[in-house]
Amino acid sequence: MAFYQRLGQIPRKRHTQFRQPDGSLYSEQLVGTLGFHGVSSLLYHINPPTQIKEVGENKPYGAKLLKDRPLQPEHLRTLSQTTTGGDYLAARQTMLGNADVTLSICNPTAKRMEYYYKNALADEVIFVHEGRGELWSQLGIVAFEPGDYVVIPRTIIHQLHFEEGPVRLLIIESFSPVETVRRYRNHFGQLLEHSPYCERDMRPPTELIIEDQPGNYVLRVKKEGFLHELTYEHSPFDVVGWDGYFYPYAISIHDFEPITGRLHQPPPVHQQFEAKNFVICSFVPRLFDYHPLSIPAPYNHSNVDSDEVLYYVAGNFMSRKGVDLASFTWHPSGIPHGPHPGTVEASIGKTETHELAVMVDTFRPLYMTDVALQYLDKRYPMSWQPGFVPDMPRAADMMD
């Protein structure tokens with residue numbers, strides 16, 4: 001994160017004596033990334049965060065990447081899959097991935113995690129398509145609603161608590177830190193005036209959860225293709241205060257201010273986050289190009305060293321036919337792609353769009369997973385043929 005936060009009680013100087021009412025010391029814990037060179041936060045626990053009572057059995061966790069599929073555009077339809085499992089971790093189904101990033105759907109029915117969870121190797125960005133609730137972590141509570149990106153840095157122990165109603169999540173797992181866009185920051189890390197969002201749009205934790213009774217606290221840790229289970233004497237949510245630059249936060253896609261121009265703007269203007277070898281973009285309602293001869297539909301293009309994935313959230317995407325909400329389209333590098341037949345001419349004269357979509361562009365090839373095959377639209381690669389009639393998508397708008 002690019003700005004400093006503090007919450008709860010902390011001593012005036014770090015790494016100095018900070019005593020509890022009974023005279024014992026609070027236990028410091030530094031959490032962060034990139035060794036001691038990345039951003040970090042300093043936490044103060046009632047109890048040492050190291051007291052393991054039991055080590056459980058580790059279990060394989062993850063999907064198989066299919067590296068032998070033919071080179072072609074792909075379309076995954078996930079709308080009909082209203083639930084993907086009961087428990088939050090069991091409900092995660094990975095659709096696409098490589099060594100830098102994975103993209104998963106998660107539509108759990110359970111409303112509360114009965115354990116604590118940590119991703120030991122990756123940051124997680126949860127896009128909330130449907131559902132409301134709260135992220136609970138060592139650093140406090142972050143409320144979320146439809147349209148929010150919830151950014152959870154690696155090593156942060158957390159739970160998700162959902163309100164009643166359907167839950168539909170897109171989870172982007174990054175094996176490098178997820179950051180704000182570099183070209184929108186000054187050398188101090190502050191977001192600049194031309195950035196499409198600013199620090200005011202980010203919602204860090206606002207309230208600490210303090211669980212200070214001994215017991216059996218189960219922590220599940222995702223690392224290297226396994227879920228590891230550890231039982232601790234004390235809850236990880238016994239932090240009385242912290243400060244630093246490393247914490248979970250939420251930011252709404254609805255707070256992204258689109259950049260427009262007289263002629264069609266390239267995809268980088270939609271960028272919301274960056275990480276090593278991929279970016280995350282937000283397509284939001286916006287005015288179209290305003291040159292008198294402009295063509296609002298995107299031009300055909302060959303992805304230059306990039307795979308392009310779009311996840312469709314709401315509205316009607318003008319350059320695509322037959323694509324439903326909660327669908328993924330994946331256009332790999334190596335072949336050109338562009339608007340479906342008829343959509344270019346149809347776009348001329350239109351002044352605005354109300355679409356919502358999340359785009360992930362990767363700079364190394366993606367691979368489909370074995371789990372994703374059940375959602376595959378086998379007709380999609382031929383959908384640019386003249387006269388092609390796609391399956392019609394549902395017209396309803398999911399977002400509140």
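**A walk through the charged pairs, a covered strand and a few odd loops**

Let's start with E229, which is partly exposed because its relative accessible area is 29%. Keep in mind as you look around that this is a predicted model. E229 has a salt-bridge partner in R220, with the closest N and O atoms 3.2 Å apart. R220 is partly exposed as well, at a relative accessible area of 26%. As background, side chains of opposite charge can pair when their charged atoms come close.

That pair belongs to a wider set, as the count of salt bridges comes to twelve. Another of them joins the side chains of R92 and E124, with an N to O distance of 3.0 Å. This one ties together distant parts of the chain: R92 sits in strand β8 (residues 92–97) and E124 in strand β11 (residues 123–130), 32 residues apart. Are these two residues buried or exposed? R92 has 12% relative accessibility, so it counts as buried. E124 is buried too, since its relative accessible area is 1%.

Now jump to D100 and R364, whose side chains meet in a salt bridge at 2.8 Å, N to O. Here the link again spans distant parts of the chain, 264 residues apart: D100 is in the loop between β8 and β9 (101–106), while R364 is in the loop between β29 (356–362) and β30 (367–369). The two ends differ in cover. D100 is buried because its relative accessible area is 5%, whereas R364 counts as partly exposed because its relative accessibility is 39%.

Next, find strand β26 (residues 327–331). How many of its residues are buried? Five of its five are. Both faces are covered, with S327, T329 and H331 on one side and F328 and W330 on the other. Its strand partners include β7 (residues 74–77), which pairs with β26 in the antiparallel sense over four bridges. Within that pairing, look for H75, whose bridge partner in β26 is T329. Strand β25 (residues 307–314) also pairs with β26, again antiparallel and over four bridges, and there E308 stands opposite H331.

For a buried loop residue, try S176, in the loop between β16 (168–174) and β17 (217–223). With a relative accessible area of 9%, S176 falls under the 20% limit and so is buried. Its side chain reaches the backbone nitrogen of K276 at 2.8 Å. Leaving aside residues up to four places away in sequence, S176 touches D123, R154, A275 and K276.

Two other loop residues have an unusual backbone angle to check. Most residues other than glycine have a negative phi. L34 goes the other way, with a positive phi near 60°. L34 lies in the loop between β2 (27–32) and β3 (40–45), and it counts as exposed because its relative accessibility is 56%. T155 has a positive phi too, near 75°, and is found in the loop between β14 (148–152) and β15 (158–162). At 22% relative accessible area, T155 is over the 20% limit for buried and therefore partly exposed.

Finally, turn to the surface. Y4, V39 and Y245 make a nonpolar patch there of about 250 Å². Y245 is in the loop between β19 (239–244) and β20 (249–252), and it counts as partly exposed because its relative accessibility is 37%.

How values were computed
Residues are numbered from 1 along each chain as its sequence is written. This is a predicted model: local features need pLDDT of at least 70, side-chain atom pairs count only at pLDDT 80 or more; totals for chains, interfaces and linings use all residues. Side-chain values use heavy atoms; hydrogens and water are left out. Buried means under 20% relative accessible area, exposed over 50%, partly exposed in between (1.4 Å probe, protein chains only). Two strands pair if DSSP finds at least two bridges between them. Patches are made of residues with over 30% relative accessible area and no salt bridge: like charges are joined within 9 Å, nonpolar side chains (Val, Leu, Ile, Met, Phe, Trp, Tyr) within 5 Å. Accessible areas come from the Shrake-Rupley method with a 1.4 Å probe; for residues, only the protein chains shown count as cover. A salt bridge is a side-chain nitrogen of Lys or Arg within 4 Å of a carboxyl oxygen of Asp or Glu. A polar contact is a pair of N or O atoms within 3.5 Å; within protein, one must be able to donate a hydrogen and the other to accept it, and residues adjacent in sequence count only if both atoms are side-chain atoms. Contact means heavy atoms within 4.5 Å.
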